[in-house]
Structure formats: structure tokens, C-alpha cells
Amino acid sequence: MTAAEVEGVEGYRVRARSWIRSNLEPADFTTLEAGLAGELSEAEELAAIDHERRLQRKLFDAGYAGISIDRDYGGQGLSPAHQRAFNEELTGFDYPARLQVPNFSPCAAVLLDFGTEDQKRTHIPAILKGEKLWMQLLSEPSGGSDVAAALTTAVRDGDEWILNGSKIWTTGAWWSDWGLCLARTNWDAPKHRGLTVFIFPLHRDGVDVHRIEMLNGSKEFCQEFLTDVRVPDSDRVGDVDQGWTVGTRWMFHERMLYNSPLITAPPTGRPTQGAVSPVGVARDIGVLDDPRVRDLIGEARMLEMVEGELQERIGTAVRSGRMSDQGAAIARLYHGVSAARARSINFEIAGATGAAWVDDDGSAAGRGIDFLMRQSPCIAGGTTEMARNVISERVLGMPRDRTTDRDLPFREVPRGPAAGADSRS
Amino acid sequence: MLLEPTPDQEFLKETTAKFLTSQASVAEIRRLRDDPIGFDRDYWRRGADLGWTSLLVPEALGGGSVSGRGLIDLTLIAHEFGRHAAPGPLVPTNVVAAALAASAVGPSAPSVSTEHSDVIGALLSGRATASWCMEETGGFGRMTTEARRDGQEVVLSGTKRPAESAAQADFLLVTAKTGEGATQVLIPSGTPGVSVRPMQTVDLTRRFAVATFDEVRLPIAAVVGEVGSASEEVEHQLRVAQVILNAETVGAMERAFEMTVEWAFDRYSFGRPLASYQELKHRFADMKTWLESSHAIADASAEAVAAKAPDAGLLISVAKAFIGHYGGELIQDCVQIHGGIGLTFEHDLHLFLRRATLNSSLFGTPADHRQRISTITIAEECAG
């Protein structure tokens with residue numbers, strides 16, 4: 001398709017708007033929120049996932065899946081601006097909310113960046129049709145923010161690799177189909193130079209998925225135990241021992257969050273945990289006229305609106321090359337801090353009802369639980385401390401912290417008493 | 001500041017930046033500390049030639065913008081004013097010129113009064129400056145000053161403070177109430193019954209006064225627009241003033257941040273640069289985030305005000321609340337990272353702290369604007 005044949009963004013928007021209005025239901029995020037709060041049964045959750053798979057298929061059949069993805073891989077071959085126009089028109093309508101992060105970004109994004117032609121032609125169309133859902137096997141129980149210190153090990157055996165280890169904080173792994181996995185392939189190289197990325201299906205022998213119960217009852221996060229998982233070399237992404245090149249880009253896509261051009265979601269009003277309106281809380285408690293409460297409502301709205309404008313600015317600056325990719329960490333830091341503050345505000349407005357409530361308390365009910373979970377937006381998706389490191393070191397060019405592990409063979413890097421005496425391979 | 005200015009906008013900004021670098025040096029700003037006017041008349045005239053006063057006035061009245069959207073162009077100038085903590089009555093002169101021009105060209109405008117178009121011409125050329133007498137004590141938005149019609153005259157009584165440049169300006173635009181409505185009156189300085197008492201202020205070059213109007217009688221032609229029907233215009237003028245102040249503060253934040261980043265690289269403690277300490281690096285990351293956020297919301301709100309968009313009132317209050325708060329937080333943290341030197345008169349940091357501090361208090365504090373945001377938000381959600 002030549003540039004002249006590409007439909008203009010505004011014409012596309014009009015067409016998208018008309019399709020969305022006649023084909024999608026009004027948004028109703030009660031099931032999604034209930035799921036995040038751990039209030040759904042397994043069957044109800046799976047039904048919700050199936051509904052989203054069908055929604056994704058509907059988008060695909062109508063030509064609205066993978067709007068900015070190349071046509072060779074089942075996408076529409078249009079620009080990020082077309083995707084943004086579609087997203088803007090999506091506000092207020094039902095869409096496959098659970099299928100965006102990490103399925104499209106970072107997983108599909110990493111495959112598109114580093115996958116072989118075969119991998120892209122096999123997997124991207126299946127993602128676009130909602131047939132296969134992906135998740136990321138990145139963090140490890142021993143690693144925390146130090147992602148490059150992965151202990152999960154892949155050992156070559158002819159045309160195959162054998163993987164052993166454990167991954168954690170995988171959102172929705174129990175209902176996902178495929179995983180993108182960072183593993184150590186060389187213990188004698190320094191830690192960043194002995195990693196490789198693999199892909200494999202999750203429902204198979206040797207992959208045990210455990211659901212983790214969070215303090216609010218949510219069981220969305222999982223931990224996987226990999227025991228002698230055999231992966232063909234054709235399911236390797238990127239070069240052997242060059243996994244950190246892939247990993248760096250992977251984490252960039254993760255920090256892009258909803259700013260990624262692969263994401264289909266309305267720019268505002270997307271459901272995020274803790275996005276309870278402070279006006280609703282104040283109304284249901286009967287304190288809407290309190291000037292102190294109004295100050296908090298004003299602060300919450302201010303933080304939310306500035307976030308939207310910041311995301312837009314950073315997105316534009318990164319796309320035009322005025323800011324390095326690493327600038328995405330600025331939006332990530334803002335999001336964590338402001339989302340945490342929003343929970344504190346709701347909890348404060350709720351007064352004593354924040355601590356003890358009945359179901360009739362409306363929006364004020366449960367705000368104390370949100371407060372207990374307050375730090376999750378500052379932790380999930382890379383901590384705000386890591387974002388601060390990236391901003392100061394990669395955006396402002398400040399010296400990196402001194403580390404003792406950069407040039408040592410990985411097997412000699414100290415791992416502390418918590419790792420146990422016999423943990424070295 | 002705009003991420004992607006047009007070449008014309010870039011030129012406008014660069015010309016002012018160069019001019020301010022040579023004509024509004026830190027030495028010059030310190031020299032003006034005790035100057036009763038706070039800026040040099042010739043400096044202002046030359047600035048007017050660069051476009052400082054004409055961007056909000058249509059071409060038909062002698063003004064003109066570079067992009068077709070004068071307010072956006074003006075934010076580029078204001079940003080440079082902030083980066084240099086530059087002297088001169090940028091806010092009141094532009095607001096008054098825009099108000100006079102709006103009354104002269106609006107759809108319901110009476111015929112252009114010669115008197116007002118002469119004043120517009122004088123303001124555009126930089127020969128004259130103006131003060132907008134708007135704010136009063138007793139809380140943001142409070143209005144007790146009254147304008148009443150008496151035959152072919154209008155009579156003004158009340159007290160306005162702080163009124164920028166009221167003791168220095170050639171013309172005062174006074175905003176008053178008439179019954180439930182608002183009236184604006186243009187008064188030449190020195191009119192009998194008008195007294196101005198200079199105030200002390202945090203900024204080195206901006207000047208403020210208490211302006212008192214004791215039964216001041218003026219011909220009805222002095223009224224800008226119509227008696228009692230200027231509320232909408234006044235609200236727009238407020239937003240324009242807030243847009244200029246926000247752009248200035250973002251410029252001041254940016255400069256203070258740059259100075260402090262440079263300091264962090266150059267200053268060694270315990271054998272290594274400050275920039276190598278993670279505790280400080282993380283604070284720089286927070287500051288960078290506040291700075292980028294301030295740029296983003298300043299630009300978005302300026303766009304909305306320039307277009308008179310339905311959400312302009314909400315966006316400008318969000319911007320004023322955010323930039324007012326985080327501007328102070330950012331520059332105070334710059335002071336902290338500098339240590340004692342950051343609190344001295346000799347160091348330049350306070351020039352930017354002063355400007356940001358001043359701007360955060362004028363035309364509504366962050367707390368005032370959070371109340372406004374809240375009122376709008378509650379109205380939206382309770383209607384929806």
C-alpha cells in the first residue's frame with residue numbers, strides 16, 4: 001500500500017466511530033473490577049476471558065485488530081495515529097481490556113521487534129484473533145527489580161533447550177496460552193551477557209502454574225515452576241546470550257503501558273484498580289460540602305488530568321525522537337505516584353467508613369482495602385525506584401550506581417544469605 | 001513549552017531569548033532591585049518590537065500573531081521571560097491590550113472608540129504600559145469594587161490589590177461589579193480620586209500596588225464593553241493571565257532545574273559528584289517528572305483557552321493548581337540540593353524561585369484552583 005492509498009486519520013476515525021457504535025456494547029467494568037478485587041469464581045473469570053477473546057475476534061474480523069501492525073502479520077498496516085483515533089472513539093464502549101497488557105505490549109511488541117519471520121507469521125495473527133493469549137515470564141522470586149539476575153536456566157541439548165527455574169508476578173498466567181521467558185544460558189559470562197529469550201506454550205508438562213493470593217483476595221498474579229521444559233531452538237527470540245538486548249526493549253514496552261501503539265484501549269476512563277471516583281465516595285458518605293474534601297477531590301482530578309497530558313507529551317516526544325525511549329520512565333513514575341495518591345485520597349474522604357463498612361456504603365465501601373494495596377501501582381510493571389534510576393541515569397545522564405556484579409562471571413556474583421547456601425549452580 | 005513549534009514560532013522564541021540574554025542579564029535584574037519602575041522604558045519598547053505586546057491583538061488593530069494563535073505564541077515569550085526572570089509588565093499589558101481589542105472587534109462591540117484604539121496603539125508600540133486592577137483581598141474571586149452609572153458618567157469606588165504595575169503604568173483597567181454583572185473601566189494614570197500605594201513583593205523587578213478608587217468619575221466612553229455585562233470577558237482575561245503566568249513559571253522551573261543538574265555534576269562531596277548519589281538522583285527524577293508534567297498541562301490548557309474550548313476553565317485551573325504547587329516544590333528542592341549558597345542573594349537561583357513564588361499566588365493559589373476543579377468535577381459527575 002502506498003502512502004497515497006493510506007486512509008487519512010480523520011476519515012478513518014469517522015468510519016471507526018460508526019463501526020464501534022453499531023457493533024460494541026456500552027462499557028461495563030464491574031466484572032473486571034470484581035476480578036481485580038478477587039470477588040469472582042474461577043468459572044466467572046474464565047467466562048469473562050472467553051467474552052474478551054470473542055470481542056478480539058470481532059475486532060479482527062472487522063479489520064480493527066493490530067491497526068498499526070504490518071499486514072504481513074495480520075494487522076492493518078496503518079499508523080499509530082490511526083490506532084490513537086480508534087482508541088479515542090472507543091471511550092465508553094466494551095473492549096478486550098484483559099488482552100492488552102501484557103498480551104499486546106510487551107509480548108507481541110517484543111515478538112515484532114525480535115521474532116523471526118516464522119515466529120511473527122505464526123504467532124502475531126493468533127494474538128490478533130484472540131486465539132492465543134500471551135504473558136511474560138520475566139521477574140523471579142530471587143530477583144525483584146534486578147531482572148538481569150535471572151536464575152532460570154536454559155541448557156542446550158541438540159536442537160532443543162531444557163529450561164528449569166521459577167518465574168513470578170505473571171498476570172493471568174493461569175488463563176494464558178503462551179509465555180515469553182528470559183533465561184540464563186551462560187553462567188560464566190557477566191550477568192547481562194549470559195541471557196537468552198525463549199517462547200513456549202504454558203499448558204504442558206513441566207510447567208506448574210500457581211495462583212498467588214494478594215492481601216485483597218485477588219489471585220490474578222501467578223508463580224510458575226519450570227521443570228525440564230523442552231523448547232526447540234526455533235522458539236528462541238534473538239541471539240543466544242544476547243537476551244539483555246531483547247530484555248531492555250521488553251522493559252521499554254512495559255513502561256510504555258497504555259501509550260504503546262499496539263494497545264487498543266480508550267485513552268481515558270480505562271479501568272485501573274483503585275480508579276474509584278472521589279466524588280462518589282464523598283457523596284455516599286455525605287461529605288460533599290466539606291471544603292477539605294473538595295480540596296482532595298480537586299487534587300485527585302488535577303493529578304488524573306495532568307497524567308493524561310503527560311502521557312500524550314511523552315508519547316509524542318518519544319515517537320518524534322525528541323526524547324529517548326527511556327523517557328517512558330517519566331510517565332511510568334508519574335502514574336505510580338499519582339495512582340497511589342488517589343487511593344490515599346479516597347481512603348481519607350471515606351473517614352471511619354474506610355476502616356469498617358457495610359455493602360450499603362456504596363463507593364465508600366472497601367476503600368480501606370484499596371489503601372492496603374496502595375503501593376501496587378508503584379511496584380507492578382517495574383518499581384518507581386527503577387523508573388527513577390532510568391530517568392536519572394538514562395534521561396539525565398547521571399552516573400550509574402556502583403555495582404559489584406557487572407564484570408564478574410555470573411556464577412561468582414554474591415547473592416546473599418536469602419538465596420541459600422546451595423543455590424549456586 | 002510547545003514540543004513542536006513552527007519555524008516562525010521558533011524564530012519568535014529565539015529572538016526574545018537572545019534579547020533577554022543580553023538585556024535582562026542577572027546583573028541587570030539585580031540593578032533593578034531598587035528601581036521604582038522595575039524595568040527600563042527603552043528595553044520595553046524594544047521588546048514590543050519583538051512582539052511582546054501585540055500577539056493578542058488582531059491585525060486590523062495593529063497587532064498580529066505568528067501562528068494565527070496569538071496566545072500560544074505568547075506562551076513562548078512568557079516561557080523565555082521565566083527562563084530569564086525577565087523584567088516588565090508582560091501579563092497586565094497583554095491582558096489589557098487583549099481586553100480593549102476584544103471590546104473593539106467583538107460581534108456585539110460598539111463602534112471602536114478612538115480613545116481606546118489610541119491606547120491599544122500606545123500599548124502595542126511599547127510607548128505605554130497598562131495595569132489590570134482585578135484582584136482584591138478576602139479570597140480569590142471576591143469583588144467589592146463597584147462601578148455605577150450616573151448619567152453620562154461612570155463612578156468607581158473600591159480597592160484593588162495587588163495590582164501589577166499600577167503605580168508605573170500609563171493606563172489602569174479596573175474590573176468592578178455593577179449589580180450582578182461586571183463592568184470594566186479604562187482609566188489614565190493620575191485621574192483624580194485614584195491613589196496608588198506601592199507594595200513590597202517577593203520578585204525583584206515586578207511591581208505591585210494597592211490601587212484605591214474614591215468616587216472616581218469618568219465619561220461613559222471609558223467603559224470597555226458595556227456596563228454590567230463584562231463577566232464573560234473578565235473570566236477569559238483571567239484565563240489568559242493564568243496561561244501567561246503558567247508559561248513563565250515553567251520557564252523558571254526549567255532554568256532552576258538545569259542549573260541544579262549542572263551543579264550536581266560539578267559539585268563533589270566525599271570524593272564523588274552529587275549526581276552519583278542515588279538519593280539525589282531519585283529526587284532529580286521526581287523533579288524531571290514534575291517539570292515534564294508542568295510543560296504538558298501548561299500547553300494543553302493554553303490550547304484550550306486559546307480555542308475557548310468548553311473545558312478551558314477546568315484545564316486552566318488544573319494547570320494553575322499543578323504548576324503553582326510543583327513549581328514551588330521543584331525550585332525549593334533545587335535550593336536544598338545547592339545548600340546554603342542557594343539561599344544567598346549572590347546566587348542566581350532565587351531569581352527563579354521569586355518568579356515562581358509570585359506567579360503561584362497571583363490569580364488564584366493552588367488551593368483556590370483545587371476548589372474550582374472540585375466544583376466542576378462534582379457538577380459533571382452529579383449531572384451525569
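## Interface between chains A and B

In this predicted model, chain A contributes 31 residues to a contact with 29 residues of chain B. Three elements of chain A, namely α9, α10 and α13 (384–395), each give two or more residues to the side that touches chain B. The largest share of that side comes from α9(A), with 16 residues. Classified by residue type, the side of chain A that touches chain B holds 17 nonpolar, four polar and ten charged residues.

One inter-chain helix pair can be described individually. The axes of α13(A) and helix α8 (residues 278–306) of chain B come within 8 Å and cross at roughly 85°. An angle from 65 to 115 degrees counts as roughly perpendicular, and α13(A) is therefore roughly perpendicular to α8(B). On the chain A side of this pair, the contact is formed by A:R388, A:I391, A:S392 and A:V395 of α13(A); on the chain B side, it is formed by B:K281, B:H282, B:F284, B:A285 and B:K288 of α8(B). Four residues of this contact are nonpolar, two are polar and three are charged.

## Helix α9 of chain A

Helix α9(A), which gives the largest share of the chain A side of the interface, covers residues 291–319. Its 29 residues should span 42 Å at 1.5 Å a residue, and the C-alpha atoms at its ends are 42 Å apart, in agreement with that expectation. Of these 29 residues, 21 are buried, so α9(A) is largely enclosed by the rest of the structure. After the helix comes A:G321, which has a positive phi near 80°.

## Packing of α9 against α10

Within chain A, the axes of α9 and helix α10 (residues 328–350) come within 10 Å and cross at roughly 165°. Since angles over 145 degrees count as roughly antiparallel, α9(A) and α10(A) are roughly antiparallel to each other. The crossing of α9(A) with α10(A) is left-handed.

From α9(A), the contact draws on A:V293, A:L296, A:E299, A:A300, A:L303, A:E307, A:L310, A:Q311, A:I314 and A:V318. The residues supplied by α10(A) are A:A328, A:I330, A:A331, A:Y334, A:H335, A:S338, A:R341, A:A342, A:I345, A:E348 and A:I349. By class, there are 14 nonpolar, three polar and four charged residues in the contact of α9(A) with α10(A).

## Packing of α8 against α10

Helix α10(A) also packs with helix α8 of chain A (residues 278–285): their axes come within 9 Å and cross at roughly 10°. Angles under 35 degrees count as roughly parallel, and α8(A) and α10(A) are therefore roughly parallel to each other.

The contact joins A:P278, A:V281, A:A282 and A:I285 of α8(A) to A:I345, A:N346, A:I349 and A:A350 of α10(A). Seven of its residues are nonpolar, one is polar and none is charged. A:I345 and A:I349 of α10(A) take part in this contact and are also listed in the contact with α9(A).

## Cis peptide bonds around α5

Two peptide bonds of chain A that precede proline residues are treated here. The bond from A:V101 to A:P102 is cis, with omega near 5°; A:P102 lies in the loop between α4 (80–89) and α5 (103–114). The bond joining A:S105 and A:P106 is likewise cis, with omega of about 15°, and A:P106 lies in helix α5 itself.

A:S105 also appears among the contacts of A:I263, a residue in the loop between α7 and α8 of chain A. Apart from residues up to four places away in sequence, A:I263 touches A:Q100, A:F104, A:S105 and A:Y258. With 23 C-beta neighbours inside 10 Å, where 20 or more are required, A:I263 counts as buried. Its C-alpha atom is separated by 9.0 Å from that of A:R84, although the two residues are 179 residues apart along the chain.

## Positive phi outside glycine

A:D228, in strand β7 (residues 221–232) of chain A, has a positive phi of about 50° although it is not a glycine. A:D228 has 11 C-beta neighbours inside 10 Å and therefore counts as exposed.

A:D241, in the loop between β8 (236–237) and α7 (243–256) of chain A, has a positive phi near 70° and is likewise not a glycine. Its 16 C-beta neighbours inside 10 Å make A:D241 partly exposed.

How values were computed. Residues are numbered from 1 along each chain as its sequence is written. Chains are lettered from A and ligands numbered from 1 in the order in which they are written. This is a predicted model: local features need pLDDT of at least 70, side-chain atom pairs count only at pLDDT 80 or more; totals for chains, interfaces and linings use all residues. Axes are lines fitted to C-alpha atoms, for helices over the stretch in contact, and angles run from 0 to 180 degrees between N-to-C directions. Helices (H or I, at least four residues) and strands (E, at least two) are DSSP runs, numbered from the N terminus. A crossing is left-handed if the near helix is turned anticlockwise from the far one by less than a right angle, and right-handed if clockwise. Two residues are in contact if their C-beta atoms, placed from the backbone, lie within 7 Å. Ala, Val, Leu, Ile, Met, Phe, Trp, Tyr, Cys and Pro count as nonpolar, Asp, Glu, Lys and Arg as charged, and the others, Gly among them, as polar. The expected span of a helix is 1.5 Å times one less than its number of residues. A residue is buried if 20 or more other C-beta atoms lie within 10 Å of its own, exposed if 12 or fewer, and partly exposed in between; C-beta atoms are placed from the backbone.
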